[in-house]
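Reader: Could you take me through one part of this structure at close range? I would like to see how its pieces fit together.

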Amino acid sequence: MLAIQPAPAEAFDLSSLDIFGLFGSTEKPPAVSSTTLPYQLAFEVSGTDDAKALTQTLRDASLLYRLRQDAPPDGETLARRMVADLNPLIDALWSLGYFNADVTIAVDGNGLRLGSEPGPALVRALEAYRNRAPVPISVRVVTGPLFSLRNVEVVEQGKGGGGAIADPHKVARLKTGDPATSAALRSAQSSLVDHLRNQSRPLARVVALRPVVDHAAKIMDVTYVVEPGPVAGFGDVGIEGTVDVPPHVVRSFIYLEPGDPYSPKALADTRKSIASIPAIGSARIREADRLDANGNLPIFVDITERPKRLIGFSSRYSTIDGPAVRTYWEHRNLLGGAERLRLEGDLFLAPRIDGTTIQRFGDFEQSDIGGRFGFSFMKPALNGTRYDLLVDGFATRERVGTNRYGGYTARYANVTTSIRRRFSDTFSVQAGLEVERGQTSDVLGQVTYTLVGIPLSVRYDTTDSLLDPTRGVRLTASVAPYPTFMGSTVGIVQTKGAISGYYALDEEARYVLAGRIGFGSVAGAALDEIPSTRRFYAGGGGSVRGYGYRTLSPLGPYNQLIGGRSLFEASVEARIKITNTIGIVPFFDVGTAFEESFPTFDQTLRMSAGLGLRYYTPIGPIRFDVAAPLNPRKGDKPVAVYISIGQAF
């Protein structure tokens, strides 16, 4: 008879599979060994109310902590590593204003302090742990009192000195009694230089920083010696790094001219303007270290080009409007002059407006899918000027509305050719020729139409970001007449306008107030003669959230949506960052369309409120909004959810 003894159960060791370090902890020391001396580090901090934060600072400065997974071979090497850690730890404490701090690194009562050398007793104590246990190293820190600032002086010297900074203490933002930290001193130094550079003094610098620490009085006196440098303008602008993009195209997007007053903001705006060229990936601006013969500062722009071709895919979803997907292809330098050609196609769920519903997959019909194909072409800097050629076109089939209040169906195609004139990086105007043909159908009847017009528009944008603005104003306004003598089957004039503003309550823009007002009007024809696509509707993720896309308008026969000849909508948001990547956004929206050509506010303004979640990424915030109608109509859903990239406006 054979007796089989089962082996004791063992925990499965994932370390061999732990490619990314997901199953272990870097706080755990390496395994004991006969050839190395692994150790475990413990920080003991006293004398401060914020020991946790200070411990993290000490860890960041500690060589012992950074090398804790790299066990030394012997006690002598480990002892030298302990000695080398003392100066960085003292420096870290001094940088936080603890100039009387005491640091001891010890093992079993054998301690090291600043200025001491490891003796044989310490080496023997370390070697005693070989192949037995990790060496327990203790870092004991007694911070002592936090030093404060007493006298802060700013002295100007050199050419252009003497009164360049009217109120140095206000600019430096250092006061008697402030903690004497290196971060505060560096911040004051940057503030002084920034203040002078904003006065068109590009060569301003702090030539000396002289701190004097009184250990007995526990205070610090500090003197900044500032060289303001001369007032100067911009000199010649050099462009480097271009390969396939002609330099004259880049120069067209630079609005600096020789002799213009030097300004750091102008440089930042220049970088942003150049980055708006689709073929340009990045622009780095370098400043010369001396003025030219005319007393101006030469500027050099280093360009990095982007890959010429791009293919992409995006999607969005709303619990009211349903899913939508988009695919696109783009060439960023089609003809060698930074021309951009973009092709894109959209598929989306077309809501039913005839009272029927989709209960199962078999209920889907071809008409339940809407689609749009579009193209856009831009040739920037025509002949090196600040004029751009724009050609846009699309063809679409859509159905818009709700089952309860109806809506419209439409098939139409549009081509628009425009010339844009850029006056600056913030202001441009545009004029063109537009042709559209299509057919729309709703409760008022069917309209087969042709529109030929001359759209005119203006854009003013001082915001700091396209997808996540925190400061500035964005204004767009357009007017487009479609006269019958040009071939339009219905003579109308359509006007649109929108303005949004963004105000950051703090320098880091963690708290931002944002507001938007939109307006629209179409005049010249009766409502039933105007194509449904040219009438106004409110509602949707970029309008009054909580209501279906383009479902807010006057009601006509059978209580069905008929659209309006004017529009008003407004939104306000508070964008609050909780962390660097997570934020919340409470918001309020209001708006509707009106039957007359100018908002009379005789229609009920529909309102909604909600809360959004933002996840901030390098390309822009991912938006998750939950909105609820405050004065819903019968049939409106109680809550709507929106997911997309970028802020709502």
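Author: Happily; what follows is a walk around one sheet, with a short visit to the core afterwards. Please keep in mind that this is a predicted model.

Let us start with the strand order. The sheet is open and has 3 strands, arranged β5-β7-β6 with mixed pairing. Its edge strands are β5, spanning 148-156, and β6, spanning 205-214, and each of them pairs on one side only. Ignoring direction, neighbouring strands here are turned by 15° against each other on average. As background, strands of a sheet pair through backbone hydrogen bonds, in either a parallel or an antiparallel way.

Now look at the link between β6 and β7. Strand β7 covers residues 219-227 and runs antiparallel to β6, with 9 bridges joining the two. To find your place there, pick out valine 212, which stands opposite aspartate 221 in β7.

Next, add the helix. Helix α6, residues 182-197, lies across β5, β6 and β7, and it runs at about 25° to β7.

Finally, the core. The largest nonpolar core has 33 residues, and the members touching the most others are Leu58, Met82, Leu126, Val135 and Ile137. Elements giving two or more residues to this core include β1 (39-46), α1 (51-61) and β4 (135-142), while α3 gives the most, with 9 residues. For a single residue to zoom in on, try valine 135: leaving aside residues up to four places away in sequence, valine 135 touches Leu37, Pro38, Tyr39, Gln40, Leu78, Val107, Leu126 and Tyr129.

Key
Residues are numbered from 1 along each chain as its sequence is written. This is a predicted model: local features need pLDDT of at least 70, side-chain atom pairs count only at pLDDT 80 or more; totals for chains, interfaces and linings use all residues. Side-chain values use heavy atoms; hydrogens and water are left out. Two strands pair if DSSP finds at least two bridges between them. Helices (H or I, at least four residues) and strands (E, at least two) are DSSP runs, numbered from the N terminus. Axes are lines fitted to C-alpha atoms, for helices over the stretch in contact, and angles run from 0 to 180 degrees between N-to-C directions. Contact means heavy atoms within 4.5 Å. A nonpolar core is a set of buried Ala, Val, Leu, Ile, Met, Phe, Trp, Tyr and Cys residues joined through side-chain atoms within 4.5 Å. Buried means under 20% relative accessible area, exposed over 50%, partly exposed in between (1.4 Å probe, protein chains only).
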